[in-house]
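Visitor: Please give me a close look at one strand and its partners. Then follow the trail to the open and enclosed spaces.

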Amino acid sequence: MKKQAMNPYLPLGAYIPDGEPHVFGDRVYIFGSHDKEGGDTYCMLGYEFWSAPVDDLGNWSSKGINFSASQDPLSIETNRPYLYAPDVCQGSDGRFYLYYCLSGEKGQGGYHGPIGVAVCDTPDGKYEFLNHVHYPDGRPCMDFVPFDPAVINDDGVIRLYYGARYPFDSLPKISQPTMRIVQASMFKKSLKDIKKGVMGAVHCILEPDMVTILNPPKPIFPASLRGTPMESRMCIPPRDGQFMAGHGFFEGASIRKIGSTYYFIYSSVYNHELCYCTSQYPDRDFVYGGVILSTGDVGYAGRLPRERVNNTGTTHGSIEKIGDEWYIFYHRLTHGTDYSRQACAERIVINPDGSIPQVQVTSCGLNGGDLDGIGSYNATICCQLTNGKMPHSSNGKHEGMPMISHEGETHIVQDITTGTKTVYKYFDLSQTRQLTITARGEGNLLVHGQGQIHVASSSWTAYRIPISGGAHTELILESLSGKMDLLELTFQ
């Protein structure tokens, strides 16, 4: 019997953010970074690539660590021990090529390049360091900002995309000389380079050897996007907890080709959303399409940023067709930080005109429908966890709010206080008669539309309540008072 596929779709102890999904043969692979559970910086572990049969998306497995930063000579030379968001492409020779960048603590040196390349005979085997992306004369490609690579084999043409962009140009002119000095330090560039422009998404073509530049990198967007849907700005002081705002490209480049149309997917300046642009050309004329997903459901059904339904922060992902369905892969935050991110996915629709409507975050993800209303579920599969004032994180840690966390091998929803809503979408409760909630703490918990329970124990205790419903039921647990943690939901 096939397992259900819920969010997060990997084992709860696996933290694989920045996922690039690719179908090779009869399996779908997720190529992402690797956070440490309860870690204190991004991407502390080596790459571990997971996969599942295309017809059994609840059955994910891995073969262990596939590539470590120490395999790249620059890792030790430059004191950058961490591997950031990768992508993998099958070369015309049939082998698989891994593209990545190195970084240090809290992102230090992550923008300094160059992009590394490793190779393997299989998608999830042991990769061996090959080289860095370079020019024919051997010089490493350091143009623009070598960050978050994305690669595609476009009928034998190997196209590499990368880059990052902060909307410093939205600041007053009087501040621009100072901001150029800031950029020079951030990106390890000369002031001359900064003045010419180094930020933005770029495209280049590689030789068949997968590492040598054939056509040099050039921006895929105009230098100025003012007056367009991609216009972005710095927010001083912060607005809705964010220092930047807008749907313009920030980071997380990803590329897909559907028919004759190129889809460029990216993390926007808002940082909690994945957006897309389309073009009939691989290197120019991209037109903004919209938001595919926000990890806080911002924008979905008109929701405002201050109404975000989760602690939001960095996101990165892409789309992939698995069988007859399209999905968006992304990650969510846990532990009140950006440093322990879990892989999630949602089904999307690509309309006949090529547009992709925004979808909401759910608990059922890759399942293809509602979760069964009979059985037990870890409480951390909630798709919304909010006290009504959830923050947007950025390279830091938040305390004093509800969060998904762990104690040893146990995964829990902790610090649920008065007014907190823990939401699950969706269950089929047609045959369900009883819900058992395993919790600890002290307080009253309302099960919307069903009744309430009183939690009164410092140890994990099962509380039962009659329940009824139908297909596509949204389960909302709201704390009316006190403070408590949740462990498990069991439907009978």
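**One strand, its partners and the spaces**

Guide: Start with a single pair: the bridge partner of Arg-159 in β13 is Ile-205. Residues are numbered from 1 along each chain as its sequence is written. This is a predicted model, where local features need pLDDT of at least 70, side-chain atom pairs count only at pLDDT 80 or more, totals for chains, interfaces and linings use all residues, and side-chain values use heavy atoms, with hydrogens and water left out.

Strands here are DSSP runs of E of at least two residues, helices are runs of H or I of at least four, and both are numbered from the N terminus. Two strands pair if DSSP finds at least two bridges between them. β12 and β13 run antiparallel and share 7 bridges. On β11 (residues 150-154), 5 bridges lead to β12, again antiparallel. There, Val-151 has Leu-160 of β12 as its bridge partner. The hairpin of β11 and β12 has 2 residues between the strands, and Asp-155 takes a positive phi near 55 degrees in it.

How enclosed is β12? Of its 8 residues (157-164), 7 are buried, so the rest of the structure largely encloses this strand. Buried means under 20% relative accessible area, exposed over 50%, and partly exposed in between, with a 1.4 Å probe and protein chains only.

β13 (200-206) leads on to a pocket. On a 1 Å grid over the protein atoms alone, a pocket is an open set of points with protein on both sides within 12 Å along at least five of seven lines; a cavity is a set where a 1.4 Å probe fits but cannot get out; lining residues have an atom within 4 Å of a point. Points are joined across faces, edges and corners, and a volume is the space filled by probe spheres set on them.

The second largest pocket holds about 620 Å³. At least two lining residues each come from β13, α2 and α3 (191-196). Its lining has 29 residues, with Arg-165, Asp-169, Gly-197, Met-199 and Ala-223 nearest the centre. By class they are 15 nonpolar, 7 polar and 7 charged. Ala, Val, Leu, Ile, Met, Phe, Trp, Tyr, Cys and Pro count as nonpolar, Asp, Glu, Lys and Arg as charged, and the others, Gly among them, as polar.

α2 (176-187) also gives two or more residues to the lining of the largest pocket, as do β16 (242-246), β17 (249-258) and β23 (337-348). That pocket holds about 910 Å³. Its lining counts 40 residues, and Tyr-111, Tyr-166, Phe-250, Ser-394 and Asn-395 lie nearest its centre. β16 supplies the largest share, 3 residues. The classes are 15 nonpolar, 18 polar and 7 charged.

Now the enclosed space. The structure holds 1 cavity of 30 Å³ or more. Its volume is about 230 Å³. Of the 22 lining residues, Asn-310, Asn-311, Arg-332, Leu-333 and Ile-404 lie nearest the centre. β22 (325-334) and β27 (403-407) are the elements that give two or more residues to this lining. β22 gives the most, 4 residues. The lining divides into 13 nonpolar, 8 polar and 1 charged.
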